[in-house]
Amino acid sequence: MANPTRCAGCKFLRRKCAQDCVLAPYFPSSNPERFACVHKIFGAGNITKMLQQLPVHVREAAADSMFYEASIRVEDPIYGCVKIVSQLQQDLFQAQSEMAKTKAQIAFYNAQQQLNQQQQNMVDGVDDNYQQDLHSESSRLGLDDHFYSLG
């Protein structure tokens, strides 16, 4: 039994659209340009074969991928998706490079902070030792602790 409305594929190919037409769910009659584009690159027989060989649950993604590949190939017949993939790889490399640079800057900043903290601890330690030495000396001399705590 034929579909009451033919899919874009069957309209394009001027044939009846069967009830179980593999093209109908992915190439509706409301979007004939989609099938025309995919047909131009892959051909109707290849589209049908590819979809039939796939499990039903991945066919929609495959049809979308075919359309994407075909539309890019129509736009750029020489490089097609390769141009986009190359650009994305360059963008990824640049982002990774920037991330490595940022991580190095963070590591440098953290090392500086740690060094500053160590230096401050050393200064504080010297001050503490000086205060302890002063306290010990004043105690030895019998001077009033209260006197030194005021100053």
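The following paragraphs lead through a predicted model, from its overall helical make-up to one helix, its salt bridges, its cysteines and a surface patch.

The secondary structure consists of six helices and zero strands, so that the order along the sequence reads α-α-α-α-α-α. The protein has 151 residues, of which 20% count as buried. Its accessible surface is about 11500 Å², and carbon and sulfur atoms contribute 57% of that area. Among the contacts with a separation of 6 or more, 36% join residues that are 24 or more positions apart.

Helix α2, residues 32–42, offers a starting point for the interior, with R34, F35, C37 and V38 buried. Viewed down the axis of α2, these buried residues fall within an arc of 160 degrees, and therefore they line one face of the helix. The general geometry agrees with such an arrangement: an α-helix has 3.6 residues a turn, so residues three or four places apart point the same way. On the other side of α2, E33 and K40 are exposed. The partners of the buried residues of α2 are the helices α1 (8–13), α3 (44–53) and α4 (56–75), against which they pack. Just after α2 comes G43, whose phi is positive, at about 85 degrees.

One of the buried residues of α2 also takes part in a charged pair. Side chains of opposite charge can pair when their charged atoms come close. R34 meets D64 in a salt bridge, with an N to O distance of 2.7 Å. This pair links distant parts of the chain, since R34 belongs to helix α2 and D64 to helix α4, 30 residues apart. The two partners can be described by their accessibility: R34 counts as buried at 12% relative accessibility, whereas D64 is partly exposed at 37%.

In total, the structure holds three salt bridges. Another of them joins E69 and R73, at 3.7 Å from N to O. Both E69 and R73 lie in helix α4, and their spacing of four residues is about one turn of the helix. E69 has a relative accessible area of 24% and is partly exposed; R73, at 25%, is likewise counted as partly exposed. A further salt bridge connects K83 with D76, whose closest N and O atoms are 3.9 Å apart. Here K83 is exposed, with a relative accessible area of 52%, while D76 is buried, with a relative accessible area of 16%.

The cysteines raise a separate matter. Why does C21 form no bond with the closest cysteine sulfur, in C10? The sulfur of C21 is 3.7 Å from that of C10, which is too far for a bond, because a disulfide requires the two sulfur atoms to be within 2.5 Å. A search of the whole structure accordingly finds zero disulfides. C21 is buried, with a relative accessible area of 12%. C37, in turn, is buried with a relative accessible area of 14% and is one of the buried residues of helix α2.

The surface, finally, carries a nonpolar patch formed by I78, Y79 and V82, which together have about 350 Å² of accessible area. Of these residues, V82 is found in helix α5, which covers residues 81–141.

How values were computed
Residues are numbered from 1 along each chain as its sequence is written. This is a predicted model: local features need pLDDT of at least 70, side-chain atom pairs count only at pLDDT 80 or more; totals for chains, interfaces and linings use all residues. Side-chain values use heavy atoms; hydrogens and water are left out. Patches are made of residues with over 30% relative accessible area and no salt bridge: like charges are joined within 9 Å, nonpolar side chains (Val, Leu, Ile, Met, Phe, Trp, Tyr) within 5 Å. Accessible areas come from the Shrake-Rupley method with a 1.4 Å probe; for residues, only the protein chains shown count as cover. A salt bridge is a side-chain nitrogen of Lys or Arg within 4 Å of a carboxyl oxygen of Asp or Glu. Helices (H or I, at least four residues) and strands (E, at least two) are DSSP runs, numbered from the N terminus. Buried means under 20% relative accessible area, exposed over 50%, partly exposed in between (1.4 Å probe, protein chains only). The arc is that of the directions from the helix axis to the C-beta atoms. Contact means heavy atoms within 4.5 Å.
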